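These notebook entries record what I looked up, one topic at a time.

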Amino acid sequence: MTGPARDDAPRTVVLRGGRVVDPRTGRDEVTDVRIEDGRIASVGTERGDADAHVIECGGALVVPGLVDLHAHLREPGFEHKETIETGTRAAALGGYTAVAAMANTQPVADHAAIVHEIRDLAVAAGLCEVFPVGAITKGLAGESLAEMGEMVDAGVRVFSDDGNAVPTARLLRNALTYAKAFPVEVVIADHAEDPSLVEGGQMHEGLASASLGLTGRPAEAEEIAVARDLAVTRMTGGRLHLCHLSSARAVDLVRRAKSDGVPVTAEVTPHHLVFTDDDLRTYDTNLKMNPPVRSAEDRDALRAGLADGTIDAVATDHAPHAVEEKEAEFDRSPPGTIGLETALAVVLTELVGPGVLDLLTAVERLSATPARILGATDHGGPIEPGRPAHLAVIDPGAAWTVEPPFASRGRNSAFLGRRLRGRVVHTFLSGRSTVSDGKATA
Ligand SMILES: [Zn+2]
């Protein structure tokens, strides 16, 4: 006797009449997408048939599932902040089908067994594919390289000690040189801030920090680290990725390095694209970030860099914390904001709405390019027959206010109370609905 299939959803789904926006093919047109057995079966006008489940998508966008290069899912070790299940539910609700999980768990993701454990937990939750990021150094201690080889064998393609910069140029050189030796592309992702300049720093160093009496983290800390990282990358030819850029000078350095052919990519977070140090005058701990939000000039340079392709991807740096942790005084509160449930709407509202980014470019920075960097080859489109049906359907006009409840265990959103436009209506992971009518299905 055979039991019921785990998934009793119809095998054929037709997304009818949505605006398909797919940066990989350049397609931006109203049409139908047919999903069969977890894959895209056709793109084009559908007659529809009796056994197909038809979802009317008129007025909605149909895009490749979003891909996040930078999320802290906290499990194992910090389940009071987030679990893989709650984090991937938040991701699915945000339109994501693939998320890179940062290595600062307990134990640290610095060997293959933990990579398998994280991936297995994600498969069991069934909400979003998780790509574990491996630690560059053992225990994130910044001393000796982690078991990168066995982690690459386990499928890891991105390594990062995020939270800490790789402490010395020599260690970064060793990591990039080692990464380059693998037959697959392996990326070293650095949190580029010179630690000697940011120790004890609470916010961007500038007029606001002086008037608030808070210790600053100067933009030069990022500039110095980015310059070092780019020089070492040029020297080794290894693949560098720069996490969460925050300053105008760093954007300039990356722009120049790219024009010189240095193999570097970079990301920016939604909060660095929106907030400035002036917003911290309320001592809102949800705006305390690492690296900090900076001046309006820095924010504008990040926007320009994202638009011209100097910055390749929008990444959330989703960083959930327990309520009592964030309610501590400003100097004792941990940095970070949750972001998976709001990133898309922030980009649509703050960048696409005012014309900083066109829609195709926005989807590219949220999906196609991060998929390429992450080695998530099944994700990020193209929306073409035969491809896995990792898709999101978005109502671009839906207005909503950021407020609890969140699917994330974290409540620490920098965007609390903000009015945004754009809401994920459906998310499909391998053709299976993870979000339906704006609600998680599991
Ligand atoms: Zn970081």
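**Entry 1: a salt bridge from helix 8**

I began with lysine 258, which is partly exposed because its relative accessibility is 24%, a value between 20% and 50%. The model I am reading is a predicted one.

I then looked for the partner of this lysine. Lysine 258 forms a salt bridge with aspartate 312, and the closest N and O atoms are 2.8 Å apart. The pair links distant parts of the chain, 54 residues apart: lysine 258 lies in helix 8, whereas aspartate 312 lies in the loop between helix 10 (296-308) and strand 15 (313-314). Aspartate 312 has a relative accessibility of 9%, so I entered this residue as buried.

**Entry 2: other salt bridges**

How many salt bridges does the count come to? I noted 22 salt bridges.

Next I looked up glutamate 223 and arginine 249, whose side chains meet in a salt bridge at 3.9 Å, N to O. Glutamate 223 belongs to helix 7 (residues 219-236) and arginine 249 to helix 8, so this pair ties together parts that are 26 residues apart in sequence. I recorded glutamate 223 as partly exposed, at a relative accessible area of 25%. Arginine 249 is exposed, with a relative accessible area of 53%.

I turned then to helix 1, where glutamate 85 and arginine 89 both lie. They are 4 residues apart, about one turn of the helix. Their side chains meet in a salt bridge of 2.5 Å, N to O. Glutamate 85 is partly exposed at 40% relative accessibility. Is arginine 89 buried or exposed? Arginine 89 has a relative accessible area of 18%, so I entered this residue as buried, the cut-off being under 20%.

I also noted a network of salt bridges that links Arg34, Glu36 and Glu46.

**Entry 3: the zinc ion**

Which residues coordinate the zinc ion? I found Asp162 (OD), His191 (ND1) and His244 (NE2), at 1.9 to 2.3 Å. Along the sequence, these donor residues follow the spacing D-x28-H-x52-H. Of these donors, I placed aspartate 162 in the loop between strand 9 (158-160) and helix 4 (169-180), and histidine 244 in the loop between strand 13 (239-242) and helix 8 (248-259). This pair links distant parts of the chain, 82 residues apart.

I checked the accessibility of both. Aspartate 162 counts as buried at 7% relative accessibility. Histidine 244 is buried as well, with a relative accessible area of 1%.

**Entry 4: histidine 72**

Where does histidine 72 lie? I located histidine 72 in the loop between strand 6 (66-71) and helix 1 (84-93). Its relative accessible area is 5%, so I recorded histidine 72 as buried.

I then listed its polar contacts. The side chain of histidine 72 is joined to that of aspartate 162 by a polar contact of 3.0 Å; aspartate 162 is also one of the residues that coordinate the zinc ion. A polar contact of 3.1 Å connects the side chain of histidine 72 with the side chain of aspartate 317.

Which residues does histidine 72 touch, not counting those up to four places away in sequence? Among them I noted Met102, Asn104, His318, Ala319 and Pro320. Asp162 and Asp317 belong to this list too.

How values were computed:
Residues numbered from 1 in each chain as written. Predicted model: local features only at pLDDT ≥ 70, side-chain atom pairs only at ≥ 80, totals over all residues. Heavy atoms only, no water. Helix = DSSP H or I, 4+ residues; strand = E, 2+ residues; numbered from the N terminus. Buried < 20%, exposed > 50% of the residue type's maximum accessible area, 1.4 Å probe, protein only. Polar contact = N/O pair within 3.5 Å; in protein donor to acceptor, adjacent residues only side chain to side chain. Contact = heavy atoms within 4.5 Å. Donors = N, O, S within 2.8 Å, 3.2 Å for Na, K, Ca; no water. Salt bridge = Lys/Arg side-chain N within 4 Å of Asp/Glu carboxyl O.
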